[in-house]
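User: I am new to this structure and would like a close look at a single part of it. Could you walk me through the disulfide and its surroundings?

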Amino acid sequence: QVQLVESGGGLVQAGGSLRLSCAASRRTFSTFSSSTMGWFRQAPGKEREFVAAISSSGATYYADSVKGRFTISRDNAKNTVYLQMNSLKPEDTAVYYCAAAGVRYRGTAWSAAQAANYDYWGQGTQVTVSS
């Protein structure tokens, strides 16, 4: 069972920044470097939505709502993916989840944005942006 552990969430004022990290266990996820990784979020009463993804080759995909404000990156040596969030808005408040894509992922932006294409999920980290 692949283990993904998010960290870095918290309370921040609007306009502030946070960096989320998602560490993948080397023991359970030896293919991290060849996997597409994604971030999703879920606000209270809303469906889980795509935020960003990064492929094994470094191609990045973003939801329109975060483009220009969030940056996804990865460090394969550390088995870790990051989400740098700048210019945060109250509407960014949600639980943020890290996920690892599986065999259904087809290497396209549309495919990267579909939660159904991700096989493994972390437990989530809360991000709260106050106005």
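Analyst: Here is a walk from the whole chain to the disulfide, then out to the sheet and the core. A word on the ground rules: this is a predicted model, where local features need pLDDT of at least 70, side-chain atom pairs count only at pLDDT 80 or more, and totals for chains, interfaces and linings use all residues. Residues are numbered from 1 along each chain as its sequence is written, and side-chain values use heavy atoms, with hydrogens and water left out.

Let's set the scene. The protein has 1 helix and 11 strands; helices (H or I, at least four residues) and strands (E, at least two) are DSSP runs, numbered from the N terminus. Buried residues, meaning those under 20% relative accessible area with a 1.4 Å probe and protein chains only, make up 45% of the 131 residues.

Now to the part you asked about. With a disulfide taken as a pair of cysteine sulfur atoms within 2.5 Å, the count comes to 1. That bond joins cysteine 22 to cysteine 98, with an S to S distance of 2.0 Å. It links distant parts of the chain, since cysteine 22 lies in strand 3 and cysteine 98 in strand 9, 76 residues apart. The torsion about the S-S bond is about -75°, so the disulfide is left-handed. Cysteine 22 counts as buried because its relative accessibility is 0%, and cysteine 98 is buried too, with a relative accessible area of 0%.

What is the bridge partner of cysteine 22 in strand 8? It is valine 81. Strand 3 and strand 8 run antiparallel and are joined by 6 bridges; two strands pair if DSSP finds at least two bridges between them. Both strands belong to an open, antiparallel sheet of 4 strands in the order 1-3-8-7. Strand 1 (4-7) and strand 7 stand at the edges with a single partner strand each, so one side of each has no neighbour in the sheet.

Strands 3, 8 and 9 also feed the largest nonpolar core, each giving two or more residues to it. Such a core is a set of buried Ala, Val, Leu, Ile, Met, Phe, Trp, Tyr and Cys residues joined through side-chain atoms within 4.5 Å. This one has 38 residues, and Val81 and Tyr96 are among those with the most contacts inside it. Strand 9 gives the largest share, 6 residues. Tyrosine 96 touches, among others, Leu20, Trp39, Leu83 and Val127, leaving aside residues up to four places away in sequence; contact here means heavy atoms within 4.5 Å.

Notes: Buried < 20%, exposed > 50% of the residue type's maximum accessible area, 1.4 Å probe, protein only.
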